[in-house]
Amino acid sequence: MAKQIMTFNNLKNSFVAAAAFLVLAGTAVPVSAAPVKNIVLVHGAFVDGSGWKPVYDILVKDGYSVTVVQDPLTSLEEDVAATKRILDRQPGPCILVGHSYGGAVITEAGTDSHVAALVYIAAHAPEEGETEAANGKKFPNASKPLVKTPDGFVFLDPANFAADFAADLPREQAEFMAHSQMLTAAKVFTTPISNPAWKLKPSWYLVAKDDKTINPDLERMYAERAQSHKVEIEGASHAVYVSHPREVAALIEEAAQHAITVAAGH
């Protein structure tokens with residue numbers, strides 16, 4: 001951990017030194033001149049990007065340019081590739097946001113040069129060599145077991161979906177989500193992370209305090225280890241990005257407004 005902190009501090013100190021040189025030389029420093037205006041949202045397992053719509057609407061209304069990634073959920077590598085295709089289209093620095101398994105995706109994809117900061121929404125943020133499955137065993141969740149198909153995909157039993165994933169949503173909405181699930185390749189949960197972006201980029205983290213899918217204590221561990229700016233939402237289920245869009249959007253906007261400042265060490 002000390003090595004991680006030292007590495008991050010060295011990066012911040014180098015940035016500050018470079019910025020100071022440019023200021024003394026009478027040159028503008030574009031990266032610190034304005035907040036980040038581009039947001040990229042990454043969904044997690046069992047759902048698609050449409051669940052981000054309430055957050056999307058708030059961010060767009062507030063003047064942000066927002067793009068939603070549609071990950072295929074077929075492998076971590078392919079989901080990272082899908083995310084990087086969207087990052088390549090960004091006209092400038094962006095805030096990369098991930099929910100649930102989407103946190104593992106942004107942890108891998110977030111090293112991209114377009115990414116100014118990471119935002120984890122009740123999400124996994126594994127260390128190098130770690131997997132979601134192994135971390136979940138260290139911090140067991142309260143949900144029922146997944147159902148597995150013969151060809152290696154998993155999903156939540158629709159009978160358990162509302163209680164385990166979306167307990168704070170209207171029953172009809174949770175039922176629709178249960179019956180419109182994107183089946184997810186089981187191997188995404190056992191693929192280790194290779195190069196965690198949270199070691200290099202500032203991060204923000206939202207803990208869903210009533211999460212039954214990811215243990216809130218695991219979420220807190222991730223946030224503390226990454227030295228994330230952390231908030232906790234009382235009564236929030238794993239579907240917090242749907243049920244509490246204002247709080248989620250507010251955290252993303254905080255990251256957008258302060259990412260460059262934090263990265264510069266101010």
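A salt bridge is a side-chain nitrogen of Lys or Arg within 4 Å of a carboxyl oxygen of Asp or Glu. The views below show such pairs, together with one helix contact, in a predicted model.

**View 1. Arginine 220 and aspartate 217 form a salt bridge in helix 8.** The closest N and O atoms of this pair are 2.8 Å apart, which lies within the 4 Å limit and therefore satisfies the definition of a salt bridge. Because arginine 220 and aspartate 217 are three residues apart in helix 8, about one helical turn separates them. Aspartate 217 has a relative accessibility of 43% and counts as partly exposed.

**View 2. Four charged side chains are joined in a network of salt bridges.** The members of this network are Asp217, Arg220, Lys230 and Glu232. The pair of arginine 220 and aspartate 217 from View 1 thus reappears here as part of the network. In the structure as a whole, there are eight salt bridges.

**View 3. Glutamate 234 forms a salt bridge with lysine 209.** The closest N and O atoms are 3.0 Å apart. This pair links distant parts of the chain, its two residues being 25 residues apart. Glutamate 234 lies in the loop between strand 9 (229-233) and helix 9 (240-243), whereas lysine 209 lies in the loop between strand 8 (203-208) and helix 8 (216-225). Glutamate 234 counts as exposed, with a relative accessibility of 60%, while lysine 209, at 30%, is partly exposed.

**View 4. Arginine 171 and glutamate 175 form a salt bridge in helix 7.** Here the closest N and O atoms are 3.2 Å apart. The two residues are four residues apart in helix 7, so about one helical turn lies between them. Glutamate 175 is partly exposed, its relative accessible area being 27%.

**View 5. Helix 6 crosses helix 7.** The axes of helix 6 (residues 158-165) and helix 7 (residues 171-178) come within 9 Å and cross at roughly 125°. The two helices are therefore oblique to each other. The crossing of helix 6 with helix 7 is right-handed. On the side of helix 6, the residues in contact are Pro158, Phe161, Ala162 and Phe165; on the side of helix 7, they are Arg171, Ala174, Met177 and Ala178. Of the residues in this contact, seven are nonpolar, none is polar and one is charged. Arg171, listed here among the contact residues of helix 7, is also the partner of glutamate 175 in View 4.

How values were computed:
Residues are numbered from 1 along each chain as its sequence is written. This is a predicted model: local features need pLDDT of at least 70, side-chain atom pairs count only at pLDDT 80 or more; totals for chains, interfaces and linings use all residues. Side-chain values use heavy atoms; hydrogens and water are left out. Axes are lines fitted to C-alpha atoms, for helices over the stretch in contact, and angles run from 0 to 180 degrees between N-to-C directions. Angles under 35 degrees count as roughly parallel, over 145 as roughly antiparallel, 65 to 115 as roughly perpendicular and the rest as oblique. A crossing is left-handed if the near helix is turned anticlockwise from the far one by less than a right angle, and right-handed if clockwise. Contact means heavy atoms within 4.5 Å. Ala, Val, Leu, Ile, Met, Phe, Trp, Tyr, Cys and Pro count as nonpolar, Asp, Glu, Lys and Arg as charged, and the others, Gly among them, as polar. Buried means under 20% relative accessible area, exposed over 50%, partly exposed in between (1.4 Å probe, protein chains only).
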